[in-house]
Amino acid sequence: MIIKTLVENTSISKDFGNEHGLSLYIETNALKILFDVGASELFLKNAEKLGVNITDVDFLVISHGHYDHGGGLKTFFKENTKAEVYLHHLAFEKHYAIRPNDKLDFIGLDDELKQNKQIALTSDQFYISNGIQVLSNVVQRETQPKSNRGLLTEQNERMIDDTFAHEQNLIIEEDGKTLLVTGCAHNGIINILEHFQEIKGRMPDYVIGGFHLSSRSGGNEDSDMIDRIGKYLMATKAKFYTCHCTGIEAYERLRSVMGDNIDYLSTGSEITI
């Protein structure tokens, strides 16, 4: 399985543009998958540099209803007119963030796109094809990340704290191995892994994605909590690749706990698992 990072907050070199967002290209034995499309058309420009033809993508999964994961959706529809696009049925709700200056920013998806014929709405455990599914409805055993603070949803003309019911995670099972892909893990990476284990009866072999340990709205996660998360992740025996909303500082602390069991994916990186 080949994974290429099309968009992330950082880049491996100046040859690749970066932005606050995430987009991953995943190539399995049989399928070409896109997971998120970043905040803009940048994923397309970087895809070309990495030898990825977006028109060949078989399907796209959008992890949740925030612009930094679905902002490139309009560009995707222009380039690829056949691939199904899987979003949680709550993804097009109105999402906002309170910025440090108390400004309320809309951070949701373009509402005009929700009628596109390529969109397939999901919930709970949704099976895309043999060995591939999306997982939502995560049980909250642990508190959600501190950095979720300041992220809101509009319901009945009122602003409430986002519960992140619209967030989904991708599971790919191939050749006896399992990959779990998270967008931001707003529901908490420990909660997601516990939910995965409850359903699958085991932990994944590989985990890729953001863990939301830093945020422009809610600040950074406490060091003690990051250490606790690192110890938990180590106990799963999985190999972790993180990026985006984990934050470099939090990643370095996780790395001090986990060593080679965790690595960072920047824009332009390519890994084979």
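In this predicted model, Asp263 has a relative accessible area of 25% and is therefore partly exposed. Its salt-bridge partner is Arg255, and the closest N and O atoms of the two are 2.7 Å apart. Arg255 is itself partly exposed, at 27% relative accessible area. A further salt bridge joins Arg255 to Asp260, here with 3.0 Å between the closest N and O atoms. Asp260, at 59% relative accessibility, counts as exposed, since the cut-off for that class is over 50%. Together with Lys239, these residues make up a network of salt bridges: Lys239, Arg255, Asp260 and Asp263 are all linked in it.

The model holds 13 salt bridges by the rule applied. Another of them pairs Arg253 with Asp227, whose closest N and O atoms lie 2.8 Å apart. Because Arg253 belongs to helix α6 (residues 248-258) and Asp227 to helix α5 (residues 223-236), this pair ties together parts that are 26 residues apart in sequence. Asp227 is buried, with 17% relative accessibility, while Arg253 is partly exposed at 33%.

Turning to the nonpolar interior, the largest core contains 27 residues, and Leu6, Leu34, Phe43, Ile54, Phe76 and Val85 have the most contacts inside it. Two or more residues each come from β1 (2-7), α1 (42-49), α3 (73-79) and β5 (84-88). The largest share, four residues, is supplied by α1. Val85 offers a good view of the surroundings: beyond its neighbours within four places in sequence, its contacts are Leu60, Ile62, Leu73, Phe76, Phe77, Gln118, Ile119 and Ala120. A second core, separate from this one, has 26 residues, among them Ile192, Phe211, Ile226 and Leu233.

Note on methods
Residues numbered from 1 in each chain as written. Predicted model: local features only at pLDDT ≥ 70, side-chain atom pairs only at ≥ 80, totals over all residues. Heavy atoms only, no water. Core = buried A, V, L, I, M, F, W, Y, C linked by side-chain atoms within 4.5 Å. Buried < 20%, exposed > 50% of the residue type's maximum accessible area, 1.4 Å probe, protein only. Contact = heavy atoms within 4.5 Å. Salt bridge = Lys/Arg side-chain N within 4 Å of Asp/Glu carboxyl O.
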